[in-house]
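Trainee: I would like to go through this structure with you before I return to the bench. Please start with whatever term I need in order to follow the strands.

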Amino acid sequence: MSLDAIARSEMETWFSVSQFYSREARYMDELEFDKWVGLMAEDIRYWMPIVSNRIGRDVGNELTVRGELAHFEDDHESLSNRVRRLATGRAWAETPPGRTNHLVSNVEIGEVEGDLVNVRSQFLIYRSHLETDQEIFSGTRLDKLRPDEATGWKVADRTIILDHAVLTQKSLGIFF
């Protein structure tokens, strides 16, 4: 394959993934959570480790590992349950629903592992709720995406690494 063909293929993949992330963000911001959860693979692992501040020799060990304490560690069933709960109007932290704006940038396509494409991206989420609550979340997402004919891609694995070691928000009732 020529260098031009390789570059074109990489650019097409990057564009496709970027469009997928834009649509995913819109679904979350427009409260279309049924559509959003439809972008998750049936075998999804959706995980947010806890971040701690470390110094000296412990730098590099800031994140908990899978199986240890985490903000959440969801599969498709638990994500679907969270979406159904939001639809009931009884999720107190999201009643009335907060307004969010998900910004996704710095999309980098990584290695391909079988049918999975590794993607790294940065996010910034602004959330306002009621009259006075305003929150900003920032961080990195490490995704494994699987091609899908219906949606373009499905998220098979997502690790969400917050820039925050201490969370002052009242809840983590949003999706990242």
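Mentor: Two strands are said to pair if DSSP finds at least two bridges between them. Please also keep in mind that this is a predicted model.

Trainee: Understood. What joins β5 to β6?

Mentor: A hairpin does, with 3 residues making the connection. β5 and β6 pair over 10 bridges, in the antiparallel sense.

Trainee: And over how many bridges do β4 and β5 pair?

Mentor: β4 and β5 have 13 bridges between them, and their pairing is antiparallel. Their hairpin has 3 residues between the strands, and L130 in that hairpin takes a positive phi near 55 degrees.

Trainee: Which residues face each other across those pairs? For instance, what is the bridge partner of R120 in β5?

Mentor: The partner of R120 is L142. On the β6 side, L142 stands opposite T159.

Trainee: Let me step back to the whole sheet. In what order do the strands come?

Mentor: The open sheet has 6 strands, and the order is β2-β1-β6-β5-β4-β3, with mixed pairing. β2, residues 70-74, and β3 are the edge strands, each of which pairs on one side only. From one strand to the next, the twist averages 20 degrees.

Trainee: What happens at the β2 end? In which sense do β1 and β2 pair?

Mentor: β1, residues 40-49, pairs with β2 in the antiparallel sense over 4 bridges. One example is W47, whose bridge partner in β2 is E73. Helix α3, residues 76-88, packs on the sheet and touches β1 and β2, and its direction makes about 80 degrees with that of β1.

Trainee: Changing topic to single residues. Is S121 buried or exposed?

Mentor: S121 has a relative accessible area of 0%, and the cut-off for buried is under 20%, so S121 is buried. S121 belongs to strand β4, which covers residues 116-129.

Trainee: What is S121 in contact with, beyond its neighbours within four places in sequence?

Mentor: S121 is in contact with Y21, with V104, S105, N106 and V107, and with G139, T140 and R141.

Trainee: What about F33, then: where does F33 lie?

Mentor: F33 lies in helix α2, residues 33-37. F33 also counts as buried, at 16% relative accessibility. Setting aside neighbours within four places in sequence, its contacts are Y27, M28, V83, L86 and F175. By contrast, V112 is 28 Å from F33, C-alpha to C-alpha, with their positions 79 residues apart in sequence.

Trainee: Now the charged residues. How many salt bridges does the structure hold?

Mentor: There are 11 salt bridges. Side chains of opposite charge can pair when their charged atoms come close. One of these joins K35 to E32, at 2.9 Å from N to O. K35 is partly exposed at 44% relative accessible area, and E32 is partly exposed at 22%.

Trainee: Which residue does E113 form a salt bridge with?

Mentor: Its partner is K144, and the closest N and O atoms are 3.4 Å apart. E113 lies in strand β3 and K144 in strand β5, residues 133-148, so the pair ties together parts that are 31 residues apart in sequence. E113 counts as partly exposed at 41% relative accessibility, and K144 is partly exposed at 24%.

Trainee: And the D143 and R158 pair: buried or exposed?

Mentor: Both D143 and R158 are buried. Their side chains meet in a salt bridge of 2.8 Å, N to O. The pair links D143 in strand β5 with R158 in strand β6, residues 152-162, which are distant parts of the chain 15 residues apart. Salt bridges that share partners join D143 and R158 with E24 and R141 into one network.

Trainee: One last topic, the surface. Which residues form a nonpolar patch there?

Mentor: L103, L124, Y126 and I136 form it, and together they have about 350 Å² of accessible area. L103 is in strand β3, residues 99-113.

Trainee: Why does L103 count as partly exposed?

Mentor: Partly exposed covers the range between the buried cut-off of under 20% and the exposed cut-off of over 50%. L103 has 47% relative accessibility, so L103 counts as partly exposed.

Terms used: Residues numbered from 1 in each chain as written. Predicted model: local features only at pLDDT ≥ 70, side-chain atom pairs only at ≥ 80, totals over all residues. Heavy atoms only, no water. Helix = DSSP H or I, 4+ residues; strand = E, 2+ residues; numbered from the N terminus. Buried < 20%, exposed > 50% of the residue type's maximum accessible area, 1.4 Å probe, protein only. Contact = heavy atoms within 4.5 Å. Patch = residues over 30% accessible without salt bridge, like charges linked within 9 Å, V, L, I, M, F, W, Y side chains within 5 Å. Areas by Shrake-Rupley, 256 points an atom, 1.4 Å probe, with all protein chains shown as cover. Salt bridge = Lys/Arg side-chain N within 4 Å of Asp/Glu carboxyl O. Axes fitted to C-alpha atoms, helices over the stretch in contact; angles between N-to-C directions.
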